[in-house]
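The exercises below concern strand pairing and burial, and each is followed by a solution that goes step by step. Please work with the structure displayed before reading each solution.

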Amino acid sequence: MSIRLEKANGLATIIFDNPHCMNVMGAAEIRSLNQLTELLAEDRSIRVVIIRAEGKVFGAGGDIASFKPGDPASPEAIREIGAELNQAILRLHKLPAIVIASVHGAVAGGSMGTMNAADLVVAAKGTRFNMAYAKIGASPDVGNTWFLPRLVGNRKALEWLLFSENFDADEALAFGLINLVVPPEQLKDVTEKLAMRLLRGPQETYARMKRLVYQSDATSLEQQVNDEIEAFASITMTPDFAEGVSAFLDKRTAHFGCKLN
Amino acid sequence: MSIRLEKANGLATIIFDNPHCMNVMGAAEIRSLNQLTELLAEDRSIRVVIIRAEGKVFGAGGDIASFKPGDPASPEAIREIGAELNQAILRLHKLPAIVIASVHGAVAGGSMGTMNAADLVVAAKGTRFNMAYAKIGASPDVGNTWFLPRLVGNRKALEWLLFSENFDADEALAFGLINLVVPPEQLKDVTEKLAMRLLRGPQETYARMKRLVYQSDATSLEQQVNDEIEAFASITMTPDFAEGVSAFLDKRTAHFGCKLN
Amino acid sequence: MSIRLEKANGLATIIFDNPHCMNVMGAAEIRSLNQLTELLAEDRSIRVVIIRAEGKVFGAGGDIASFKPGDPASPEAIREIGAELNQAILRLHKLPAIVIASVHGAVAGGSMGTMNAADLVVAAKGTRFNMAYAKIGASPDVGNTWFLPRLVGNRKALEWLLFSENFDADEALAFGLINLVVPPEQLKDVTEKLAMRLLRGPQETYARMKRLVYQSDATSLEQQVNDEIEAFASITMTPDFAEGVSAFLDKRTAHFGCKLN
């Protein structure tokens, strides 16, 4: 399989594992990713998701060979597989679990969209990013034209899209596209430690934070503060909140994740 | 009183003055803040508002002790006090006066929301910021999930919310969360000088700028440029505009704030 | 003419050429700019637009002298010329061609809006920017209250508007207001090289990128990914896409811009 899913103890890992093809996403990979995201959306035991890749690069984007002249994908075929791709990205972005993209080597084109749909991004120092679409005359997909303006502003989004030049992890960090840059040899370890910290945290609280932050894109301040109070009131009924408050008042570390009997 | 209001010569100062309790906001403080913002909203003589705090920290957020297990606040009580809190924050954010938060020491949880609702933020070098909610398993409030994505982007907003790590004034500045970092011993003086500059400026023009910037979140460019021209035409009828233009053409400093007879 | 338009080989250049008046925009200049943008909007041969200025500064904004006390522009006159100004800015922002503002010296007030409406901005090192409105008690126009919050966030937008202090090209770059800072003596050359690169690129793809990025301000992620796929499918029918894919698979440089017979 080009894409594998591993699950253990509340942690799911999506692994792009087609290193000889630079982890490009063709129709088979898109269908596979969509199925994996359906599994993840239905499995409420999953609290954290890591997306990473085997080989020298995180991902080179779409499978350009599938558009080769003489036997190109038809617009109908593009719409059909595009619908699956969009479903996968929307599911990933809306998971109650926290999604960490752990990237290295190179991230290009559609793979930028997969990365952007994650909640948090850790990158290996030296990772090269490239929007890549303009190089082949393609129009951007995988949500890139929605995520980029929100994360880095229209100026940088257009510059990266129009000129398709490489930019590195430090520039990505400075513009708020990613959260953290680490030495390549520490990428796996740092990513897992972040995942472990999140696994030990208050699950429902995290899911509320994520939902509130993402919904705020389309709400007024009035609506948002109302929704915040509803979420706050609801969360106060959870065992995690009771434990968090007790621990704070007792000046000890909270132990989240215990179930009410 | 835990929160005091001082008013003099067009300047109002909201002072969190409960340093022994790290200026936490309980139900009494929220009601008090809401009353103060009502006074400010009704007093058109107020042109600039400073929000600052006595003691070692600007504010430690909500009163966590009020949620202690065994005698926790009920969801109904949370909704009731939450409505007052929301009203206070909305009033503060919508004041025609320009609001400067002047922060030092530490700003955590709900106090981040009070700070974020201000128009401008000056911070003492060394101030530590912390979203803090995740530590006790609480869902964010005080508009934090609305202000943070707009000011620093979703990546940083989620990172700060999920991990609840301290970040310092320099990081806050680099991400656009605050406007200025000054040595702690100069915080009071710099804040007051900024307030004095604003007090000497064109009041109605400032109020229009603030309203136009904040409304633009929900307008199209077409709508916004129309509203800009209406505001511009309206402002040209003010004595401040006549004085500003005269001063510019005479190559002298403008003296705003004179009333028409 | 205070504003000239040059067109050659798909490149249009708008030149503010009234250096003795610091390229201020009065009613005549606004009408002229509006007419030029109408010409550009109707001329589908234009693929790239450069906006630049002759003299020591890019532009000092509106013609303040036209508001002089005793014979000020009336609100009706402001609304009339404002409608032309708004039409010009909206046309410029919506051109399918990519618009590069190439600025130097000083950019102030309304000239900031002209710059902000461009897709990309190159600035000469040492360029001073100033919102300038507050100095004369004026309310901001030319879309500044819409572009600034989106490009640099509300904090910085309000700071720049309220205090009207100069900020330099490096600060503008750090906050994402502009794309590139170059030595003044290289400004013309770098701008033209960027234009040449864009002229050699896939025209319809660029226009789609620009439209998708700008529309995303008001769309949900769901809507945007659907529109991305429609644009992608449509673009795959263009000769540029066929050439781009062929070149990629042949490991050669793509030659865009050939017409289908």
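**Exercise 1.** Determine which residue is the bridge partner of A8(A) in β2(A), and describe how the two strands of the hairpin pair.

*Solution.* In this predicted model, begin at A8(A), whose bridge partner in β2(A) is L11(A). Next, follow the pairing along the strands: β1 (residues 3-8) of chain A and β2(A) are joined by six bridges in the antiparallel sense. Finally, examine the connection, where two residues lie between the strands and N9(A) adopts a positive phi near 55°.

**Exercise 2.** Establish which strand pairs with β2(A) in parallel, and what unit these two strands make with helix α1 of chain A.

*Solution.* The parallel partner is β3 (residues 48-53) of chain A, joined to β2(A) by six bridges, and one of the pairs is I14(A) with I51(A). Adding helix α1 (residues 27-42) of chain A then completes a right-handed β-α-β unit with β2(A) and β3(A).

**Exercise 3.** Explain why β2(A) is described as largely enclosed by the rest of the structure.

*Solution.* Take one side first, where L11(A), T13(A) and I15(A) are buried, and then the other, where A12(A), I14(A) and F16(A) are likewise buried. Six of the six residues in strand β2 (residues 11-16) of chain A are therefore buried, so the strand is largely enclosed.

**Exercise 4.** Identify the strands at the edges of the open sheet in chain B.

*Solution.* Write down the order of the six strands, β1-β2-β3-β4-β6-β9, noting that the pairing is mixed. β1 (3-8) and β9 (180-182) of chain B each have a single partner strand, so one side of each lacks a neighbour in the sheet. From one strand to the next, the twist averages 20°.

Technical notes:
Residues are numbered from 1 along each chain as its sequence is written. Chains are lettered from A and ligands numbered from 1 in the order in which they are written. This is a predicted model: local features need pLDDT of at least 70, side-chain atom pairs count only at pLDDT 80 or more; totals for chains, interfaces and linings use all residues. Side-chain values use heavy atoms; hydrogens and water are left out. Buried means under 20% relative accessible area, exposed over 50%, partly exposed in between (1.4 Å probe, protein chains only). Helices (H or I, at least four residues) and strands (E, at least two) are DSSP runs, numbered from the N terminus. Two strands pair if DSSP finds at least two bridges between them. A crossover is right-handed if, with the strands pointing away from the viewer, the path from the first strand over the helix to the second runs clockwise. Axes are lines fitted to C-alpha atoms, for helices over the stretch in contact, and angles run from 0 to 180 degrees between N-to-C directions.
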